[in-house]
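The exercises below ask you to work through a model step by step, with a solution after each task.

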Amino acid sequence: MLSPIKAVLLLLCLLVSGECRKHGGRMRRWTGTDTQKHGSLTPKKLPDFTKSRKVKTEQLLKVDDHDFTMRPAFGGPAIPVGVDVQVESLDSISEVDMDFTMTLYLRHYWKDERLSFTSSTNKSMTFDGRLVKKIWVPDVFFVHSKRSFIHDTTTDNIMLRVFPDGHVLYSLRVTVTAACNMDFSRFPLDSQTCSLELESYAYTDEDLMLYWKSGDESLSTDDRISLSQFLIQKFHTTSRLAFYSSTGWYNRLYINFTLRRHIFFFLLQTYFPATLMVMLSWVSFWIDRRAVPARVSLGITTVLTMSTIITGVNASMPRVSYIKAVDIYLWVSFVFVFLSVLEYAAVNYLSTVQDRRERKKRERARSQSLPCTCGISQTRTMNMLDDNYSEADTNSLAGYTEEPMLPIEEQEEMQEVPEKAEHMVVHLSVSSESTTTNIKKKKSLRTLNIIQNTHAIDKYSRMIFPGSYICFNLIYWSVYC
């Protein structure tokens, strides 16, 4: 009975002794390694916890030991937050929407003693946007902004730099579209002043003091910034307090910039075409008043072209309720073109009235004249040049034929010439000498006809219209330039 028990006990003793030998060998190996390290003469570098991988960021900054939902020095004086801005680009200016788009680097500076840490080298630590969600940062927003976003290519463009004494630099890259109240009363000879406003959303001036970190030097711009329609004249900064009746006073920072519009584009696209249309409408004053199709088509063409120019300019502008400088120029030009059409309407009407009067005078003279039986057509009555002829002398002309008479076309031209009611000139060609006389008379009548067709209104319009338009241009450009 005792032999099996002894055998089991002996086996257990052997197992225990074997385990002890294994543990003893491990201890000797570790002891030998440590002895070698301590025996080395190489000086040991002090550990820098800011670069140590064994310590987590949350543990180093003691993020879990504090409540970062409250501002630094909660319950005490207002925390100062400095701001500086670097404008990267001014992307666009929209007159229709009355806004601008700007891309900038926005940087905040403040001190939060809760983030202070120990560092033998006094070096700062830089983090990306993942730590921002775990600590307190200023809640700055853009007043009057329509759209804004933080760039996220390839990651969120956010940088957080913490210094050992608790100072914090918070930088982000933002594109913002903000409203700009523009005055177009002098468009396109105008200058616009726009501003981008920054303000804390939740903290009043009793909790957060927002200020420009370096005054006017807090705003820096890229020298390569340029716009197609504007010349950037000046960037400057201002600050003031903003009051809200329900929440109180807030610090507000302003980024102001002045833009002056380039005029050359509008000279080519608007002013020069309008001026040429007005000058083209003056051509009708030198066209014969009897050329109705030519003068009417020229007037209508210039009117329609001016309407197209006005419509094109207003399509790219907001629907403001006041008159712009370009409206004054275009509408005055349109009035000049329209008046040239009315001028021809007046000339045509007065010419018709004058021809009607002359026709009545000829009919009245025909009814009062003596009948002629000298072979001349009875449709045209003639009076003699002087009153010395008797009735017998007049009747004695009945033997002459109609061959020496002027052709029908020349007779019609003579009828168009205004004649005195007292006398009508009649040429009775009896011999070959009268033919030469008729040719000279024919040329003089044609010259007189051309002179009389140039109406007096056209003569005055050739001087009045250009002179008035030149005076208008002198006044316009002297006022708006």
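Helices, of at least four residues, and strands, of at least two, are DSSP runs numbered from the N terminus. The model used here is predicted.

**Exercise 1.** Determine what secondary structure the chain adopts over residues 263-284 and over residues 328-351.

Solution. Begin with the record: the unreviewed UniProt entry lists residues 263-284, 296-316 and 328-351 under "transmembrane region", an annotation that may be inferred rather than shown by experiment. Next, take residues 263-284, where the chain is 82% helix and 0% strand, with end C-alpha atoms 31 Å apart. Then turn to residues 328-351, where the chain is 100% helix and 0% strand, and where 34 Å separates the end C-alpha atoms.

**Exercise 2.** Check the span of helix H4 against the expected value, and state which elements cover its buried residues.

Solution. Helix H4 comprises the 24 residues 292-315, which at 1.5 Å a residue should span 34 Å; because its end C-alpha atoms lie 35 Å apart, the two values agree. The buried residues of H4 include Arg295, Leu298, Gly299 and Thr302, and also Met306 and Val313. Among the elements that cover the buried residues of H4 are helix H3 (264-281), helix H5 (325-368) and helix H9 (456-480).

**Exercise 3.** Decide whether Thr103 is buried or exposed, and describe its surroundings.

Solution. Thr103 is located in strand E2, residues 99-111. Its relative accessibility is 6%, so Thr103 counts as buried, the cut-off being under 20%. Leaving aside residues up to four places away in sequence, Thr103 touches residues including Val87, Glu88, His151 and Thr175. With Thr175, the contact is also polar, joining the two side chains at 2.9 Å.

Key: Residues numbered from 1 in each chain as written. Predicted model: local features only at pLDDT ≥ 70, side-chain atom pairs only at ≥ 80, totals over all residues. Heavy atoms only, no water. Expected span 1.5 Å × (residues − 1). Buried < 20%, exposed > 50% of the residue type's maximum accessible area, 1.4 Å probe, protein only. Contact = heavy atoms within 4.5 Å. Polar contact = N/O pair within 3.5 Å; in protein donor to acceptor, adjacent residues only side chain to side chain.
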